[in-house]
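Work through the following exercises with the sequence and the structure side by side. Try each task before reading its solution.

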Amino acid sequence: MSTSIRDREDDDGESRSPKRTKTAHSELDDTHIVSESAQAAPEATSDPQESILPPSHALLGLPSPQTTPGGLRQLLECDVGISEYINRDLPPICGIIKQRFTDFLVNEVDLDHQVLHIKSLGLPEPSKKDKTLSILTEEIGTDASTREAIDVHDGNTNEQAGSSKTRPLDNTVVPNVDEVQENQTSDEVTWDDAFEPSLSPFLSESSISELKKMYLEGPEPPRVSDNGWVSRGQKKSGDVTVSEQGGLLYQEEELNSSEIVPAGHSKARGKGRQRGRGRPQSSERGDHRKILSEPISSKATRTALHQAVRKLFNGKLESETDMATPAGEEGSRISIKWSRSGGRGAARARGERAPRGEYPPYIHFTLQKTNRDTQDALAYLSRTLHVSVKDLGVAGTKDKRGVTVQRVSLRRGNKTVENVWKAANQIGRRSIQEAITQRGERGVRIADLNYRKAGLELGMLKGNEFVITLRNMQVDSTDALDLVMNSMKQKGFINYYGMQRFGTAAVPTHTIGLAFLRSDWHKAVSLILQVRPGEHPDVVAAREAWLVDRNLDRALALMPRRVVAERCILESYKKQGGETRNAMGALSTIPRNLRLMYIHAYQSYVWNAIVSERIRMHGADKAVPGDLVFEEEPTGKGKLDDSLDVNLDEPTAVDEHGESSNTPKKIRKTPWVPPQVKTLTIDDAQNYSIFDVIMPLPGRDVKFPGGPLGERYREFLRRDGLDPDNFIRKQKEYTLNGSYRKILQLPKNMTWSALRYTDPDVALAQADEDKLLCFDPPSIVENGRFMALQINLTLGTAAYATMALRELTKMETSSHFQTELTQASEDQRFRGTAIPNAGNPEEEIAEMEE
């Protein structure tokens with residue numbers, strides 16, 4: 001793979017932009033780079049071991065993180081301030097966390113204290129404007145095959161399709177396609193039988209067949225397995241393949257299943273265009289599909305083809321003169337592909353307001369996602385529904401590795417619940433029968449749609465219910481198990497920010513956050529662009545193209561779109577003609593939520609470290625003088641640190657317009673008023689319990705604990721070059737208001753049971769979708785070789801279930817540690833023994849994300 005990457009670099013070597021001469025000096029030594037452009041030098045010259053962690057890390061009394069022979073730094077819990085336990089003397093319950101996705105089930109608890117579950121997978125009840133369809137369904141029958149037949153639009157099936165040979169194209173009269181167009185809704189993807197006679201004057205039979213295939217595949221190109229890494233072909237960048245009849249064409253440029261490219265976008269339009277900020281962030285592939293006509297010499301005929309495509313497909317497909325194949329004496333070819341604008345739904349982007357009809361302006365639905373970030377799942381839905389990701393809202397984000405259920409709101413425009421359900425389930429490419437009998441595509445399922453007057457905002461939930469299964473549990477006895485579990489039930493766990501808060505890459509997010517707070521913009525850029533061992537080869541090649549070769553164009557060409565922050569910085573450099581001095585300006589192009597994520601990670605690190613100090617000083621049994629408590633318990637959304645925490649552990653989803661989901665439009669319209677807190681004294685400490693004690697996150701208008709702990713807090717901040725009494729910044733978005741968070745969390749509705757199993761691929765818990773489909777029921781083996789612990793509990797918002805598991809297991813929860821446990825676990829020798837070929841290797845027993 002590295003060879004093919006290097007070959008491509010060599011091929012492009014002569015095409016370097018002359019504007020890159022300021023930074024493209026490949027023979028400069030490190031010292032010269034530093035002296036010439038201090039703002040770019042740290043990217044290539046800084047010593048990772050000396051600068052990768054904040055200076056305050058020395059106050060933790062720990063050595064620098066371990067480094068493997070391959071150079072990968074292993075960040076441990078203690079490096080981010082996580083070191084204490086409620087009761088260290090209790091025996092540990094050893095086990096493996098999240099071995100399978102169904103080992104970690106999460107269901108949102110709404111504001112009415114109701115636990116959300118998927119109730120039905122079927123098509124929603126028809127709206128009033130579809131009463132005719134409903135009556136027709138009742139008269140004919142309600143079986144799946146009948147409903148599918150009704151959903152396919154009636155076309156003119158008596159006309160014969162064109163022959164395999166292309167008819168003469170010149171002076172062709174455009175068929176009347178208006179009647180066909182009326183049958184097509186804005187969201188459905190169905191192939192009308194009348195399409196073929198309407199297109200046959202322009203396209204050959206084989207081209208129409210390829211067009212039908214592409215259309216029914218939908219706006220998302222079919223997934224091609226890459227076995228973990230994307231295989232690169234031996235063709236040079238820009239190579240194309242065209243069938244003899246015109247047919248389906250694939251552009252080989254940068255073909256990468258990990259890139260984020262909106263549906264219908266063609267990279268053949270030129271490097272650098274529509275890149276960086278404003279592109280969706282997820283793990284989807286670029287769409288390189290397009291259909292080519294035979295050469296057409298008549299301009300009138302070409303215009304007629306453009307009009308036919310636009311009318312027949314309601315703007316879902318677009319046509320244009322193909323620039324990849326030169327025009328000859330016979331004329332130019334017309335290419336047809338999926339539209340980037342999404343058809344009629346793009347009307348709002350042009351300022352037109354779609355009619356709402358008789359229904360409220362929002363649609364709410366239940367989302368179940370498997371092994372996907374919440375923001376990644378929303379970006380996927382925005383493409384399949386042809387909406388801006390900004391129109392989607394959630395009450396909170398959920399873990400990636402697991403199966404999670406939550407409500408989502410959609411600002412619907414002119415869409416109905418039927419439109420949304422069909423579009424999300426890819427009806428047209430799939431039948432309704434397949435949609436209700438198979439799992440949702442790409443790990444995403446929506447269900448239980450209804451209309452609502454308002455959308456969801458972050459914080460509009462009470463918490464989450466968990467069903468967690470620890471595999472290969474090791475415990476001394478049943479009595480020991482009950483002792484540990486009852487301790488958790490009564491005393492809770494330390495409310496640490498979990499490891500996901502600090503990222504899993506070699507460069508911790510809180511280190512970048514500190515650079516932001518210190519206004520050290522060049523250091524922040526250096527850390528973001530720094531090489532991170534263990535990354536995908538495409539990302540490594542892109543980083544090296546910039547850091548080593550100083551070739552900005554090549555770096556942008558190689559950098560996958562999912563790597564949002566890095567692309568934004570490089571795009572900014574490109575707009576500045578290769579200059580890298582305006583580091584603050586380059587950072588400002590990163591989506592705001594992503595920038596704030598770095599800063600909040602630093603706040604979380606300091607909070608963790610100071611809470612550990614407090615537990616070491618005074619234990620976790622009672623409130624003591626110097627502790628902070630609320631004078632009056634805050635009420636309403638945004639109390640404590642919830643508003644800072646619910647959406648900051650995952651990347652921001654960005655759509656093609658640069659918008660991110662859940663932009664907090666209504667948060668703090670009025671000036672922020674800090675809650676009233678008091679410092680306990682000897683006289684009143686006995687009136688409060690340990691569950692009342694709070695700890696501030698760094699920021700303005702917060703009170704520090706009294707006594708030595710407060711001074712220790714200030715020392716941490718000063719060691720990192722921050723003024724504990726001044727968190728106001730010239731850049732207002734980096735001014736921190738601070739907040740408070742309770743130091744202990746007490747789980748609710750907690751129960752547990754011990755299960756036996758042999759095959760680690762067999763499910764021990766069942767997700768909502770699988771229950772309705774009757775897939776993978778829990779298989780408990782009475783005489784199984786291994787034991788598992790299944791825990792049911794409910795936690796409030798902003799609490800990390802992995803930190804509860806840490807209290808039980810007394811083990812690291814970092815992803816690399818859990819991966820090693822899984823690989824070394826004895827039960828792995830019995831994979832597939834219960835059911836031959838059980839499960840999907842990629843889906844069910846994938847290693848934890850690194």
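**Exercise 1. The whole chain**

What percentage of the 850 residues in the protein chain is buried?

Solution. The model is predicted, so local features need pLDDT of at least 70 and side-chain atom pairs count only at pLDDT 80 or more, while totals for chains, interfaces and linings use all residues. Residues are numbered from 1 along each chain as its sequence is written, and side-chain values use heavy atoms, with hydrogens and water left out.

Step 1. Fix the term: buried means under 20% relative accessible area, exposed over 50%, and partly exposed in between, with a 1.4 Å probe and protein chains only.
Step 2. Read off the share: 57% of the 850 residues are buried.
Step 3. Add the elements: the chain has 27 helices and 22 strands. These are DSSP runs, numbered from the N terminus (helices H or I, at least four residues; strands E, at least two).

**Exercise 2. Helices α15 and α16**

Determine how helix α15 is oriented relative to helix α16, and list the residues that touch.

Solution.
Step 1. Two packed helices are described by the angle between their axes and the distance between the axes. Axes are lines fitted to C-alpha atoms, for helices over the stretch in contact, and angles run from 0 to 180 degrees between N-to-C directions.
Step 2. The axes of α15 (residues 509-517) and α16 (residues 521-529) come within 7 Å and cross at roughly 160°.
Step 3. α15 is therefore roughly antiparallel to α16. The classes are: under 35 degrees roughly parallel, over 145 roughly antiparallel, 65 to 115 roughly perpendicular, the rest oblique.
Step 4. On the α15 side, the contact (heavy atoms within 4.5 Å) is made by Thr511, Ile512, Ala515 and Phe516. On the α16 side, Trp521, Lys523, Ala524, Leu527 and Ile528 take part.

**Exercise 3. Helices α16 and α19**

What is the angle at which α16 and α19 pack?

Solution.
Step 1. The angle between α16 and helix α19 (residues 564-575) is about 120°, and their axes are 9 Å apart.
Step 2. The two helices are therefore oblique to each other.
Step 3. Val525, Ile528 and Leu529 of α16 meet Ala565, Glu566, Ile569, Leu570 and Tyr573 of α19.
Step 4. Now take α16 by itself: 7 of its 9 residues are buried, so α16 is largely enclosed by the rest of the structure. Among these buried residues are Trp521, Ser526 and Leu527.

**Exercise 4. Aromatic pairs**

Classify the ring pairs Trp191 with Phe195 and Tyr215 with Trp338.

Solution.
Step 1. Rings of Phe, Tyr and Trp (its six-membered ring) pair if their centres lie within 6.5 Å; planes under 30 degrees apart count as stacked, over 60 as edge-to-face and the rest as tilted. This rule gives 21 aromatic pairs.
Step 2. For Trp191 and Phe195, the centres are 5.0 Å apart and the planes stand at 85°, so the pair is edge-to-face. Both residues are buried.
Step 3. For Tyr215 and Trp338, the centres are 5.6 Å apart and the planes lie at 15°, so the pair is stacked. Tyr215 sits in helix α9 (residues 205-217) and Trp338 in strand β9 (residues 334-338), 123 residues apart. Tyr215 and Trp338 are both buried.
Step 4. Trp191, Phe195, Tyr215, Phe313 and Trp338 form one aromatic cluster.
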